[in-house]
Amino acid sequence: MEKKDEKKDAKIDVKDVHLKLLDDLVNVNSLMTLAVFVGLTMATPNIRSLESRNECHAGPKEAKMLILYEVIAFSSFFLSSMVAKVLKLHLYLDGADDKYTFTSPNIDLKELMIALAACGSVAGIISVSLSIVKIVEVRIGLLSCGCRESTAAVWCLGTLVGFAVLIYVVSIAIAIYASFKSDHAKDERNENQKGEDENHQGLKV
């Protein structure tokens, strides 16, 4: 019975969960940024695909789109990482000083910044995936010419990455909602505690 009571009394440190989540987000962004620079090395002129048909060879248009997607991906990952770093700083400061609060009754900046960091990461992943499609066209053959290997690679990429992004978005949405409810429940408890303290002081007087 005592062990069950201890488990019930144990509370999850929401701030610690947020900090670990942001650390993981920054690490993923860093790994994906390396993939961006690897992809940029493929955007060189006069690269012929493995397909023997001349009409299946990629041209300058595919190389330009590859660079465009890589730049968008890098920008998205950079935005996501910077927001995550700033949010970590605010989380460390939140609660350290009674005069400093990271939330307000009308808007919760913490949840908004977590959502912004997650959206930046998702946008980067989508851009990297599109750039990989262009890499497939450059190295294997254009999709428009009916290259079976290119089509299979793109279908595999789209299915697995799309499923992973869906799981990630749903998980982040649930985490943001839980954090929002936890913060407001904490505010209500603090207000009730203040009300009880004021009542006790009034009775003493």
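At what angle do the axes of helix α3 and helix α4 cross, and within what distance do they come? Keep that question in mind while you select the parts below, and remember throughout that the model you have open is a predicted one.

Begin by selecting residues 66-92, 112-133 and 154-180, which an unreviewed UniProt entry records under the feature "transmembrane region". In the model, the span 66-92 is 100% helix and 0% strand, with its end C-alpha atoms 39 Å apart. Moving on to residues 112-133, you will find 100% helix and 0% strand, with 32 Å between the end C-alpha atoms.

Next, widen the selection to helix α3, residues 60-93, and helix α4, residues 109-139, whose axes come within 7 Å and cross at roughly 160°. An angle over 145 degrees counts as roughly antiparallel, and therefore α3 is roughly antiparallel to α4. If you turn the view so that one helix lies in front of the other, the crossing in which α3 passes α4 is a left-handed one. Colouring the residues of this contact by class would give 21 nonpolar, 7 polar and 5 charged residues.

For the last stop, look for enclosed space: a search of the whole structure finds 1 cavity of 30 Å³ or more, and the largest cavity holds about 30 Å³ of space. To see what surrounds the largest cavity, select L21, L22, L25, I114, A118, Y168 and I172, which line it. The elements that give two or more residues to this lining are α2 (14-40), α4 and α5 (148-204), and α2 provides the largest share, with 3 residues. Sorted by class, the lining of the largest cavity consists of 7 nonpolar residues, with no polar and no charged ones.

Key. Residues are numbered from 1 along each chain as its sequence is written. This is a predicted model: local features need pLDDT of at least 70, side-chain atom pairs count only at pLDDT 80 or more; totals for chains, interfaces and linings use all residues. Side-chain values use heavy atoms; hydrogens and water are left out. UniProt positions are given in the numbering used here, feature names are shortened, and annotations may be inferred rather than shown by experiment. Helices (H or I, at least four residues) and strands (E, at least two) are DSSP runs, numbered from the N terminus. Axes are lines fitted to C-alpha atoms, for helices over the stretch in contact, and angles run from 0 to 180 degrees between N-to-C directions. Angles under 35 degrees count as roughly parallel, over 145 as roughly antiparallel, 65 to 115 as roughly perpendicular and the rest as oblique. A crossing is left-handed if the near helix is turned anticlockwise from the far one by less than a right angle, and right-handed if clockwise. Ala, Val, Leu, Ile, Met, Phe, Trp, Tyr, Cys and Pro count as nonpolar, Asp, Glu, Lys and Arg as charged, and the others, Gly among them, as polar. On a 1 Å grid over the protein atoms alone, a cavity is a set of points where a 1.4 Å probe fits but cannot get out, and a pocket is an open set with protein on both sides within 12 Å along at least five of seven lines; lining residues have an atom within 4 Å of a point. Grid points are joined across faces, edges and corners, and a volume is the space filled by probe spheres set on the points.
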